[in-house]
Amino acid sequence: MGHIYRSLSLAHDIIDHEIIFVCDETNQLAVDKIASKDYQVLFCKKAKITDFIISLEPDLVINDVLDTEKANILKLKHSEIKIVNFEDFGSGSNYSDYTINELYDFPILKGSNYLWGHDYFFLRDEFKYAKPHGLIEPIKSVLISFGGTDQNNLSKTILDLIIPVCEENGIKIFVVCGSGYVYKDELIHQVSNEKYNEIELVFESGAISEIMEKTQIAISSNGRTVYELAEMNIPSIIFSQHEREETHKFACKENGFINLGLYNGSDRINRELISNFKKLLVDKSFKTLLFQKIEKHNFKDNKYKVLNMILSLIEK
């Protein structure tokens, strides 16, 4: 879902060019989401998608997919199409005009076309007017968010672990799941039968900025949500859901986060979660230290920097 929201955010500010979204036949979720925003969406078989794009005769192609292939990128270049890739380590990443890997603060691949790090991260449009937290706010609620799909159902797992602590301290729990979350019925059933009633479920991640305005701390996956939490000045406990997320290094104590690494369900990592969660709730100096590190970040201007770079390729 992060790829979809990033592409939509770019499209909203490209007002003087025709925009067409192209998806392969396996991504009906993407098609539905983009179409709901009134953009033209075309889809075809994955094996033929490059030829299909070329047939549209675009001036610029933005690939917001993981791991492009060299042959496909070179085929686009040979058709004199400008190319920008996002979050790409594939063999095609070195052949674009720009490959922007904003979730990786340290270069992993060599090439003059790569742009690395959080200076190129931009927020979804819903954060444009969101109000970041101040230091003196007492902790009244916590956010749990593990992305638009949460394939390992960590939302339920983490909720189970922190409910006793939240009940003891009177902390409200917000759980935000995206439209790709397939465990919705299971989670609703759990919460409806839970004696602690200070739990609110939200199943549309497009409303997450409003929830973040209400929550002073969070437990989240190690993806784009980390940067949104930083923008909102929310010290957080971070888990990686898979090995690729573990390579994201922004979520660290130097930036105001407690990164507990890859979640494996062990007793040790569960104890670390509860220990750090309790510390955030009761240790004001600890929370203050993290807050002071996190509030230095501001991503609001990055989108227009990135957008101007992209459009300069076809407006020279």
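Contact here means heavy atoms within 4.5 Å. With that in hand, strand β5 of this predicted model is a handy place to start. I100 sits in β5 and is buried, with a relative accessible area of 0%. Leaving aside residues up to four places away in sequence, I100 touches V84, N85, F86, E87, L115, Y120 and V306. R6 lies 94 residues from I100 along the chain, and the C-alpha atoms of the two are 12 Å apart.

One of those contacts of I100, V306, leads to helix α12, which spans residues 302–312. The buried residues of α12 are N302, K303, V306, L307, M309, I310 and L311. They pack against one helix and several strands: α1 (2–12), β3 (60–63), β4 (82–86), β5 (98–101) and β6 (114–116).

Charged pairs come next. The whole structure holds 14 salt bridges. In one of them E102 pairs with R6, with 2.3 Å between the closest N and O atoms. This pair links distant parts of the chain, as E102 is in the loop between β5 and β6 while R6 is in helix α1, 96 residues apart. Both E102 and R6 are buried. K303 and D13 also meet through their side chains in a salt bridge, at 2.4 Å from N to O. K303 belongs to helix α12 and D13 to the loop between α1 and β1, so this pair ties together parts 290 residues apart in sequence. The two partners differ in how much of them is accessible: K303, at 4% relative accessibility, counts as buried, whereas D13, at 27%, counts as partly exposed.

A further salt bridge brings together the side chains of E228 and R124 (2.9 Å, N to O). Here E228 comes from helix α8 and R124 from the loop between β6 and β7 (141–145), and 104 residues separate them. E228 and R124 are both buried. On top of the individual pairs, R6, D64, E87, E102 and R224 are joined into one network by salt bridges that share partners.

D24, in strand β1 (residues 20–24), goes another way. D24 is buried yet has no salt bridge. The nearest side chain of opposite charge is that of K46, 4.7 Å away, and the cut-off for a salt bridge is 4 Å, so the pair does not count as one. Apart from residues up to four places away in sequence, D24 touches F43, C44, K46 and I49.

Turning to helix packing, the axes of α10 (residues 267–282) and α11 (residues 284–294) come within 6 Å and cross at roughly 95°. The two helices are therefore roughly perpendicular to each other. The residues of this contact divide into 4 nonpolar, no polar and 3 charged. On the α10 side they are K279, L280 and V282, which meet K284, F286, K287 and L290 of α11.

Backbone geometry offers two more spots worth a look. D67 is not a glycine, but has a positive phi of about 60°. D67 is found in the loop between β3 and α4 (70–78) and is partly exposed, with a relative accessible area of 39%. N233, likewise not a glycine, has a positive phi of about 60°. N233 lies in the loop between α8 (224–231) and β11 (236–240), and is buried, with a relative accessible area of 10%.

Notes:
Residues are numbered from 1 along each chain as its sequence is written. This is a predicted model: local features need pLDDT of at least 70, side-chain atom pairs count only at pLDDT 80 or more; totals for chains, interfaces and linings use all residues. Side-chain values use heavy atoms; hydrogens and water are left out. Helices (H or I, at least four residues) and strands (E, at least two) are DSSP runs, numbered from the N terminus. Buried means under 20% relative accessible area, exposed over 50%, partly exposed in between (1.4 Å probe, protein chains only). Lys and Arg count as positive and Asp and Glu as negative; His and the chain ends are not counted. Axes are lines fitted to C-alpha atoms, for helices over the stretch in contact, and angles run from 0 to 180 degrees between N-to-C directions. Angles under 35 degrees count as roughly parallel, over 145 as roughly antiparallel, 65 to 115 as roughly perpendicular and the rest as oblique. Ala, Val, Leu, Ile, Met, Phe, Trp, Tyr, Cys and Pro count as nonpolar, Asp, Glu, Lys and Arg as charged, and the others, Gly among them, as polar.
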